[in-house]
Structures are given as structure tokens and as C-alpha cells.
Amino acid sequence: MALSFAKSTFLSNPTLYFPKNGIRGFGLLLPFSSFSTSSALPKRRQTVVSALELGGVKISKDEIVRDDPTNNIPDTIFAKLGMQLHRRNQHPLGILKNAIYDYFDTNYPDKFDKFDDLCPIVSIRQNFDEVLVPADHVSRSYNDTYYVDSQTVLRCHTSAHQAELLRNGHTHFLVTGDVYRRDSIDATHYPVFHQMEGVRVFAPNDWEGSGTDATSHAAEDLKKCLEGLARHLFGGVEMRWVDTYFPFTNPSFELEIYFQVYYILLFPFIPLLSRC
């Protein structure tokens, strides 16, 4: 079996960002709020509700924000749960999600199952263990991740749902959702943002007769798919693939597109995982 995996991150900054070491990141950068940030508009106080329904599960605030030494979720983060901006068709995130759906529906009709309402409250097994995050990895720390309790977190990535969906028999799927990381707010960081990822499982009959092995076949298919997606979203842009390394996947790639005088990273994580 070969499995290809692609991820794109939609950040919550309304402009391109330029880190000190040069342009290393480009998300489809969209404001978290569905309202303009113009100073001409009156400021709106956000109401923190006492209960939410997430992924079909009713959850009270007391279950998420606790007076517990293992809990580090403030009211401000709880207030973001349940907003689901990516499910609002007129919000930029919803527009972008639907544009990506259109691409997959056109080029892979009836192939990919779509999930955009999975609950962001997951176990540490889902968030870390099942996606091969090492036990000593910094992302597991209380400084980096929002913990409900010692065994439960707010998902750091949509990959937290991969293993469960695969176990449930889904072999082609797209997952979109809000994700949470304990970043300090600055020009390029915000503790809540959005991701979409796609997973496709290949069977031996997919690559047999192609003259390539499973890994090469899946990598070629993944690159062709994402190059087409980039053209669908941005038109006839110049692009290039960069070999990279992630401790969780091998081999791994990143797709960059040319913008003005720079190549900028379009898909922050484009890894490929192959198992035969």
C-alpha cells in the first residue's frame, strides 16, 4: 500500500508575511474574523457562550476551561471554538474551501470524501502518537499545545483525524478544520488558524504496470494533483518542487510558487508517506 498526503495551511493574517530569514512561508492568508478590521467599524465585544456543539457533540465551557493544573485553555480560546468560519460559504475561508472542492470534484469525481465538521477536541494519541510525533517532541509541551487535561488536547493539525478515518475505511478524503497552537500573537502568528489536507491510498494495481515502484508512482501522482490545484487557484504561475525533510514522513516535498521576485511556499507541508 502507498499513501500520499498533502496539507495546506490557511493562516489568520490578512497579508503575506516575510520572516527575517527571507520569505519562507505563504499561506492563503485570511483574517480570522468574518468582519473587516477597519478602524472605521465599531469594536465588537465577543460573547463567550457556556456551551457548544462540536462535531455533533454538545460540550459545556466547564468541560474545556477548568481549574485544573493540566488545563491551559483560556476563555479567549474557548470563544473561538465552534465559530467554524470554514463552513460559512460567504467567508473567505469558505470560498477557498469550496474552490478546492471544485477542483477535486472536477478532476477526481466521486473519489474524495469531505470532512469539515470533525470535533477539534482530540486525544493525545490522535494528535501525536498516531501521526508519529516522537514522545520527546517539543510540540507535546504545555507551552506549545492547548491541553484540556493530560490526555486530551485541542488539535494542533487536521492530521489528528487521519488514522481514525483510515480505520473507518476511507481511502480518499479531504479534511478541513480550525486548529490551535499556543503561539504568541504577532505579525506572523496567531493561536488559531485553519488547515485542509488530502489523503489518498494507492493499491498495487494503481502502480503495477507503470514501470515505477509504489513510492515513485504516488509521489508523481501527488505532484501532478497539487500542481493542478495551484493553477486552479492562482492561474498560470511559475512553480517548483523542493525536497525537504520531516521526521514523520519520507520522502517529503514542498511546492513553491514564484511571486514578484521570490519563490514562496504555497503548501507548507507536502509530505508523502509510503507503506508497502
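## Strands around β8

Two strands count as paired when DSSP finds at least two bridges between them. By that rule, in this predicted model, β8 and strand β9 (residues 192-202) pair in the antiparallel sense, with 9 bridges. One point on this ladder is easy to find: V179 stands opposite F193 in β9.

β8 also has a parallel partner, strand β4 (residues 113-115), and 3 bridges join the two. Here D113 has F173 of β8 as its bridge partner. Strand β8 covers residues 172-180, and 9 of its 9 residues are buried, so the rest of the structure largely encloses it.

## Salt bridges in buried places

Let's turn to the charged side chains. The whole structure holds 11 salt bridges, and one of them reaches into β8: R155 and D178 meet at 3.0 Å, N to O. R155 sits in the loop between β7 (152-154) and α5 (162-167), while D178 belongs to strand β8, so this contact ties together parts that are 23 residues apart in sequence. Both ends are covered: R155 is buried at 1% relative accessibility, and D178 is buried at 5%.

A further salt bridge links D116 and K97, with an N to O distance of 2.7 Å. D116 is in the loop between β4 and β5 (121-123) and K97 is in helix α3 (residues 92-107), so the pair connects parts 19 residues apart in sequence. K97 is buried, with a relative accessible area of 4%; D116 is buried too, at 14%. Through shared partners, salt bridges join R87, K97 and D116 into one network.

## A partly exposed pair

For a salt bridge with partly exposed ends, have a look at D75 and K61, whose side chains meet at 3.1 Å, N to O. D75 lies in helix α2 (residues 75-78) and K61 in helix α1 (residues 61-64), so the contact ties together parts that are 14 residues apart in sequence. D75 has 37% relative accessibility and counts as partly exposed. K61 is partly exposed as well, at 22%.

## Nonpolar patch and cysteines

On the surface, Y258, V261 and Y262 make a nonpolar patch of about 310 Å². Y262 lies in strand β12 (residues 262-274) and is partly exposed, with a relative accessible area of 41%.

And how many disulfides does the whole structure contain? The search finds 0. Among the cysteines, C119 is buried at 18% relative accessible area, just as C225 is buried at 8%.

Technical notes:
Residues are numbered from 1 along each chain as its sequence is written. This is a predicted model: local features need pLDDT of at least 70, side-chain atom pairs count only at pLDDT 80 or more; totals for chains, interfaces and linings use all residues. Side-chain values use heavy atoms; hydrogens and water are left out. A disulfide is a pair of cysteine sulfur atoms within 2.5 Å. Buried means under 20% relative accessible area, exposed over 50%, partly exposed in between (1.4 Å probe, protein chains only). Helices (H or I, at least four residues) and strands (E, at least two) are DSSP runs, numbered from the N terminus. Patches are made of residues with over 30% relative accessible area and no salt bridge: like charges are joined within 9 Å, nonpolar side chains (Val, Leu, Ile, Met, Phe, Trp, Tyr) within 5 Å. Accessible areas come from the Shrake-Rupley method with a 1.4 Å probe; for residues, only the protein chains shown count as cover. A salt bridge is a side-chain nitrogen of Lys or Arg within 4 Å of a carboxyl oxygen of Asp or Glu.
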